[in-house]
Amino acid sequence: MMGKALVVDDSKAIRMILTRILTGLGFEVLEAVNGIEALKVIEAEKNPVSLILLDWNMPEMNGMELLKQLRQSPALCSPVVVMVTTETEMSHMAAALEAGANEYVMKPFTRDIIVEKLQLAGISI
C-alpha cells in the first residue's frame with residue numbers, strides 16, 4: 001500500500017482518471033471537488049494523506065488558495081502536492097512551485113507523466 005492520496009478537481013472525469021491511475025499504483029484514493037471540501041477530507045482522516053493531486057481552477061477555493069493554506073498549517077503541511085492543471089504559463093508554474101507545490105502537471109496528461117512527476121516529487125513507485 002502506497003498510502004493515502006487525495007484528488008482535488010471540480011471535473012468528475014479528471015477525478016476518475018487520476019483515481020484510476022493512483023489506485024493502480026497502490027494508493028488508497030480520496031476525492032474532493034474543491035479546496036474547502038479537500039480541507040474537510042484531510043481533517044477527517046485519521047491516517048494522514050501523503051499525496052495531493054490538485055487542480056488550480058475550482059469554485060469556492062481554488063488549488064492555489066488550498067496549497068497556501070496547507071503549507072501555512074503545521075498540521076497539514078506535509079503531503080506531497082502535485083498541481084494538475086490547464087494553466088500552462090511559466091508564471092503560473094513558478095507561482096505554484098514557490099507556494100510549495102512539489103511538482104506541476106499540465107492537462108492533458110498520461111499515466112506515464114503522472115508516474116514520472118510522482119517520482120520527481122520523491123515518491124518511490
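Which residues have the most contacts inside the largest nonpolar core? In this predicted model, they are L6, V8, I52 and L54. The core itself has 26 residues. Strands and helices both contribute to it. Among the strands, β1 (3–8), β2 (27–32), β3 (49–54) and β4 (80–85) each supply at least two residues. The helices α2 (35–44), α3 (63–72) and α4 (90–98) each supply at least two as well. A second core is separate from this one and has 20 residues. Its members include F27, L53, V105 and L118.

L6 illustrates the surroundings of a residue in the largest core. Neighbours within four places in sequence are set aside here. L6 is then in contact with L30, E31 and A32. Its contacts also include A38, V41 and I42. V49, L51, I52 and L53 complete the list.

Charged pairs were examined next. Side chains of opposite charge can pair when their charged atoms come close. Five salt bridges are found in a search of the whole structure. One of them joins E31 to R15, with the closest N and O atoms 3.0 Å apart. E31 belongs to strand β2 and R15 to helix α1 (residues 12–24), so this pair ties together parts 16 residues apart in sequence. The two partners differ in burial. E31 is partly exposed because its relative accessible area is 37%. R15 has a relative accessible area of 10%, under the 20% limit, and is therefore buried.

A further salt bridge links D55 and K107. Their closest N and O atoms are 3.3 Å apart. D55 lies in the loop between β3 and α3, while K107 lies in the loop between β5 and α5, so the bridge ties together parts 52 residues apart in sequence. D55 and K107 are both buried. With D9, they are linked in a network of salt bridges.

E103 and K117 form another salt bridge, at 3.5 Å between the closest N and O atoms. E103 is in strand β5 and K117 in helix α5, so parts 14 residues apart in sequence are tied together. E103 is buried, with a relative accessible area of 15%.

The loop between β5 (103–106) and α5 (111–120) also holds P108. P108 is exposed because its relative accessible area, 79%, is over 50%. P108 and I14 are 94 residues apart in sequence. In space, their C-alpha atoms are 9.6 Å apart.

Note on methods: Residues are numbered from 1 along each chain as its sequence is written. This is a predicted model: local features need pLDDT of at least 70, side-chain atom pairs count only at pLDDT 80 or more; totals for chains, interfaces and linings use all residues. Side-chain values use heavy atoms; hydrogens and water are left out. A nonpolar core is a set of buried Ala, Val, Leu, Ile, Met, Phe, Trp, Tyr and Cys residues joined through side-chain atoms within 4.5 Å. Buried means under 20% relative accessible area, exposed over 50%, partly exposed in between (1.4 Å probe, protein chains only). Helices (H or I, at least four residues) and strands (E, at least two) are DSSP runs, numbered from the N terminus. Contact means heavy atoms within 4.5 Å. A salt bridge is a side-chain nitrogen of Lys or Arg within 4 Å of a carboxyl oxygen of Asp or Glu.
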